[in-house]
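These are my notebook entries on a structure that is new to me. I set down what I looked up, in the order in which I looked.

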Amino acid sequence: MKIFAHRGYSKKYPENTCIAFQKAAALDIFGVEFDVHLTADHQLVVIHDETIDRTSTGTGFIKDMTLAELEKYDYGRWFGEQFAGQKIPTLREVLTIFTETQHVLNIEIKSDIFEYEGIEQLIAQEIDDFGMHERVIVSSFNHESIQRFHQFHPTIQTAVLFSSLVTNIEHYVKTIHSGALHIWYFHANRKIIRDALANGATIRAFTVNDVKIAKELQTLGVEAIFTDAPGVMLAGL
């Protein structure tokens, strides 16, 4: 089973920070997943939430702040004093960490709450700049965003994220030109997903931190898992 480090090595290090990605880059796993937002001055930054409140020493919405303003805050201390000094990474900084590895990078476009106008084209340009077309999967809960990205880069793999399932899911995914479904792991036993797997659909599950559950998903035919504990999964599968 393929293992993606969810937000980097987020079990042991502050999520979506350079140290979490550096530690994930050192592991013999398939890939790494992370989230991208757009700043007020149209810079791509890697962070999960729409605000910096939970994972930094500051407060405010990313969309309302420039990169320079965001860089004033600490993004590691919330996780532990030993991680003080971590800054919010740009997409370019994260891609740089993986230039010399073979990891597949799952870039999640976080435009499902706020629409970041132009974010798809900017991400496509960054991928072009690094020549990582064969090593990237672009995903989102915002399926319109996936459609837009596909227009800019029809050859790059995409995936649609689901927090709940829809009927005729296989047909739906094909209509938006997506190659895979990313689902909550507890949906994997639903008939609609089992049928999709039987028909050859590519399905990946999040967020799996229990080896037993991972093995059950593997038996079902789920291709990959996203996990906060990639080291544990690597040892247990």
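**Entry 1: Ile3.** I first listed the contacts of Ile3, leaving out residues up to four places away in sequence. Ile3 touches Ile29, Phe30 and Gly31, and it also touches Ile225, Thr227, Pro230, Met233, Leu234 and Leu237. I note that the model is a predicted one. Ile3 belongs to strand E1. Is Ile3 buried or exposed? Its relative accessibility is 5%, so Ile3 counts as buried. I also looked up the pair Ile3 and Arg204, which stand 201 residues apart along the chain. Their C-alpha atoms are separated by 9.7 Å.

**Entry 2: the chain as a whole.** I then turned to the overall fold. The secondary structure of the protein chain consists of nine helices and nine strands. The radius of gyration is 17 Å, close to the 18 Å that the globule rule gives for 237 residues, so the chain is as compact as a globular protein of that length. The C-alpha trace spans about 50 × 40 × 30 Å along its principal axes. Of the 237 residues, 53% are buried. I also looked up contacts between residues at least 6 apart in sequence: 54% of these join residues at least 24 apart.

**Entry 3: the nonpolar core.** In soluble globular proteins, nonpolar side chains tend to be buried together. I therefore looked for such a grouping here, and the largest nonpolar core has 56 residues. Which residues have the most contacts inside this core? They are Phe34, Val36 and Ile123. Helix H1, residues 18-25, gives the core its largest share, five residues.

I followed Ile123 further. Apart from neighbours within four places in sequence, Ile123 is in contact with Val36, Leu44 and Leu91, and also with Ile107, Ile109 and Phe149.

I then examined helix H1. Its buried residues are Ile19, Ala20, Phe21, Ala24 and Ala25. What do the buried residues of H1 pack against? They pack against strands E1 (2-6), E2 and E3 (44-46), and against helix H3 (91-97). E1 is the strand that holds Ile3.

**Entry 4: a charged residue inside.** Glu120 drew my attention next; it sits in helix H4, residues 119-130. Glu belongs to the charged class. Why do I record Glu120 as buried? Its relative accessible area is 3%, and buried means under 20%. With neighbours within four places in sequence set aside, Glu120 is in contact with Ile109, Ser145, Arg148, Phe149 and Phe152. Ile109 and Phe149 also appear among the contacts of Ile123.

**Entry 5: the largest pocket.** Rolling a probe the size of a water molecule over the atoms shows where empty space is left. How much space lies in the largest pocket? I record about 220 Å³. There are 16 residues lining this pocket, and the closest to its centre are His6, Glu108, Phe141, Phe206 and Thr207. Strands E2 (31-38), E4 (104-109) and E7 (180-184) each supply at least two residues of the lining. By class, the lining has five nonpolar, six polar and five charged residues.

**Entry 6: the largest cavity.** I also looked for enclosed space. A search of the whole structure finds one cavity of 30 Å³ or more. The largest cavity holds about 60 Å³ of space. Its lining is made up of Glu15, Asn16, Thr17, Val46, Ile47, His48, Thr55, Tyr75, Ile88 and Pro89. By class, these are five nonpolar, four polar and one charged residues.

**Entry 7: backbone details.** Finally I checked the backbone for particular features. Which residues are joined by a cis peptide bond? The bond between Phe206 and Thr207 is cis, with omega about -25°. Both residues are among those closest to the centre of the largest pocket. Thr207 is in the loop between strand E8 (203-206) and helix H8 (211-220).

I noted positive phi values as well. His42, which is not a glycine, has a phi of about 60°; it lies in the loop between E2 and E3. Asn168, also not a glycine, has a phi of about 55°. Asn168 is in the loop between strand E6 (157-162) and helix H6 (169-175). Its relative accessible area is 60%, so Asn168 is exposed.

How values were computed: Residues numbered from 1 in each chain as written. Predicted model: local features only at pLDDT ≥ 70, side-chain atom pairs only at ≥ 80, totals over all residues. Heavy atoms only, no water. 1 Å grid on protein atoms, 1.4 Å probe; cavity = no way out; pocket = protein on both sides within 12 Å on 5 of 7 lines; lining within 4 Å. Points joined across faces, edges and corners; volume = space filled by probe spheres on them. Core = buried A, V, L, I, M, F, W, Y, C linked by side-chain atoms within 4.5 Å. Buried < 20%, exposed > 50% of the residue type's maximum accessible area, 1.4 Å probe, protein only. Helix = DSSP H or I, 4+ residues; strand = E, 2+ residues; numbered from the N terminus. Contact = heavy atoms within 4.5 Å. Rg over C-alpha atoms; globule rule 2.2 N^0.38 Å.
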